[in-house]
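Hello,

Here is the structure I promised to hand over, and my notes follow below it. Please have a look at the model first, then read on at your leisure.

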Amino acid sequence: MSHHEIAISVQGLKKSYKNIPVLTGVDFQVKTGSIFALLGSNGAGKTTIIKILATLLKQDSGNATVNGFDVLLNPGNVRQSISLTGQFAAVDEILTGRENLIMVAQLRHLSNPRQVAQDLLNRFSLTDAADRGAATYSGGMRRRLDIAMSLVGSPQLIFLDEPTTGLDPEGRIEVWKIVKELAGSGTTVFLTTQYLDEAEQLADQIAILHQGKIIQSGALEELKKLFPPVKVEYIEKQPTLEEIFLSTVGKKEEN
Amino acid sequence: METTKNYFFSDMGVMLGRSMRHILRSMDTIITVTIMPIMFMLLFVYVFGGAIQTGTDNYVNYLLPGILLISIASGVSYTAYRLFLDMQRGILERFNSMPIARSTILWGHVLTSLVSNVISVIVIILVALIMGFRSSADILSWLAVAGILVLFTLALTWIAVIAGLSAKTVDGASAFSYPIVFLPFISSAFVPTETMPGPVRVFAENQPVTSIVGTIRALLSNQPVGNEIWIALAWCVGIMLLAYILAMRVYKKRG
């Protein structure tokens, strides 16, 4: 793979908090324009990896480059080329949706912050709520605004730390749609999740983080090959509660 | 890194604009900050005042400097509170992962503290005028008073930044200000120190509030300030520098 086909490259990454090792030698690569899902249980160190890659935290040892820039040597360039959407929707609740977007556009030193804000409000169906305080937004709207704020200035790579945790099923599907659109437009998406189906739905590449190491990685197809061949069995399929919820809510809205 | 330096002032402007919106949309914080000092002023002038011998015939004049310091000390606790919320909601992380001059994030909060404290100080002086406060000071003395109050605000605000960044809970973030709010009571702010018992008097005469109050009182009543102004300035500048260095260190550590 040539240099610019790789968006993230991590080798031998180690990090301990006080004397508790969190990362004990993490290696992986993320291809430019792909959706990469980092899977792991709570406390596995997913957020720690994101923080190191987003230059919020320094690793103890190992190398990490993001869009070709070393996170320790060129943090300024890394920040220029990325955007972070943390675990909790980081929107300013006292400002309106529009003001939040304009603020980020100004901080990214764009020439037309108002226009950028308006475009994103349209794209994320937030036009009606644009001039309301973000404190009044629902969880799903807040997440949408949060992701919209991350897209200001079209960064090459976006980190999404558990983007659907705490969202209702509809909110989740909405976020999934956004992520797919993003990758379709060439943005690299690095997301962490504890939901296996989310990784399965979205990711081109999946890595499983366990006890401080990547224990398995590859495309979903490759991961599936690691398991014994598929046996055909017939079972009665019960609808999941999620399917029931979505179909009844969908019917309500149609009426 | 060169580019982020060039944007220092525009980034600072954005941060300041954000915090000013916070203040204007929550005027209750200004009211909360001014009400307690005004209550103290009413209590001391109309309840205790008659029994307090200060050697001056206008007790409001005697009392006002101490009241202003109390208002500033309680006002800065909002800086700690706002900073803590930014941290808890991930807004600090969002800013830190963007290509902006990082120190502007803290400076924005500090300047906001300055502006909101100026507003509350003006409100309190207006109330004091109604209660009979009169000053024969000229413009230059008023400017000197303003300068000392600004330095005092900056010194306390940087302490508030440390508290906000290192707090674990919202309550913890603003608890640091309680001892500072009560410092004027053990000083010459309300009563002369001559009647206090030995150790208390030693403390009262050598803590920062006494020299600051003494200087402001002298300036407002057109009396010579003597050496006291230098002691007051040394306290303010010393505390400010120390708190600034510590705050920056805590901030970098949180990264």
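A word on naming before anything else: helices are DSSP runs of H or I with at least four residues, strands are runs of E with at least two, and both are numbered from the N terminus. Please also keep in mind that this is a predicted model.

**Helix α4 of chain B**

I'll begin with α4(B), which covers residues 59-75. Its 17 residues reach 24 Å from the first C-alpha to the last, close to the 24 Å expected at 1.5 Å a residue. Even so, α4(B) has a kink of about 30°, centred on Pro65(B). How many of the residues of α4(B) are buried? The count is 16 of the 17, so this helix is largely enclosed by the rest of the structure.

Two of the helices that pack against α4(B) are worth a look. The first on my list is α7(B), residues 103-130: the two axes come within 10 Å and cross at roughly 155°. Since angles over 145 degrees count as roughly antiparallel, α4(B) and α7(B) are therefore roughly antiparallel to each other. The crossing is right-handed. On the α4(B) side, the contact is made by Val60(B), Leu64(B), Ile67(B), Leu68(B), Ser71(B), Ile72(B) and Gly75(B). From α7(B) come Ser116(B), Asn117(B), Ser120(B), Val121(B), Ile124(B) and Ala128(B).

The other is α12(B), which packs against α4(B) at an angle of about 130°, with the axes 9 Å apart. That pair is therefore oblique, and its crossing is right-handed. Here α4(B) contributes Asn61(B), Tyr62(B), Pro65(B), Gly66(B) and Leu69(B). Pro65(B), where the kink is centred, is thus one of the residues that make this contact. The α12(B) side consists of Val209(B), Ile212(B), Val213(B), Ile216(B), Arg217(B) and Leu220(B).

**Other helices of chain B**

Helix α3(B) spans residues 28-48; its 21 residues should cover 30 Å at 1.5 Å a residue, and the end C-alpha atoms are 29 Å apart, which agrees. Buried residues in α3(B) are Val33(B), Thr34(B), Pro37(B), Phe40(B), Met41(B), Phe44(B) and Val45(B). Among the elements that cover them are α4 and α7 of chain B.

Then there is the pair formed by α8(B), residues 139-166, and α13(B), residues 228-254. Their axes come within 8 Å and cross at roughly 25°, which makes the two helices roughly parallel. This crossing is left-handed. The residues that meet include Leu151(B), Phe152(B), Trp158(B) and Ile162(B) from α8(B), and Cys236(B), Met240(B), Tyr244(B) and Tyr251(B) from α13(B).

Also in α8(B) is Ala146(B). Is Ala146(B) buried or exposed? With 12 C-beta neighbours inside 10 Å, Ala146(B) counts as exposed, because the exposed class takes in residues with 12 or fewer. Ala146(B) and Pro179(B) are 33 residues apart in sequence, and their C-alpha atoms are 24 Å apart in space.

**Where the chains meet**

The contact between the chains takes 20 residues from chain B and 20 residues from chain A. On the chain B side, α2 (8-25) and α6 (91-96) each supply at least two residues. Which of the elements gives the most to that side? It is α2(B), with six residues.

**A buried strand residue in chain A**

Leu38(A) lies in strand β3(A), residues 35-39. This leucine is buried, with 28 other C-beta atoms within 10 Å. Leaving aside residues up to four places away in sequence, Leu38(A) touches Lys46(A), Ile49(A), Thr192(A), Ala207(A) and Leu209(A). Of these, Thr192(A) is 154 residues away in sequence, yet the two C-alpha atoms are 4.6 Å apart.

**Two positive phi values**

Most residues other than glycine have a negative phi, so a couple of loop residues caught my eye. Ser154(A) has a positive phi of about 40° and is found in the loop between α5 (139-151) and β7 (157-161) of chain A. With 14 other C-beta atoms within 10 Å, Ser154(A) is partly exposed. In chain B, Asn222(B) has a phi near 60° and is found in the loop between α12 (208-220) and α13. Asn222(B) counts as exposed, with 11 C-beta neighbours inside 10 Å.

Happy browsing, and all the best!

Notes:
Residues numbered from 1 in each chain as written. Chains lettered and ligands numbered in written order. Predicted model: local features only at pLDDT ≥ 70, side-chain atom pairs only at ≥ 80, totals over all residues. Expected span 1.5 Å × (residues − 1). Bend = angle between axes of the 7 residues up to and from the residue. Buried ≥ 20, exposed ≤ 12 C-beta atoms within 10 Å, placed from the backbone. Axes fitted to C-alpha atoms, helices over the stretch in contact; angles between N-to-C directions. Parallel < 35°, antiparallel > 145°, perpendicular 65-115°, else oblique. Left-handed = near helix turned anticlockwise from the far one by under 90°. Contact = placed C-beta atoms within 7 Å.
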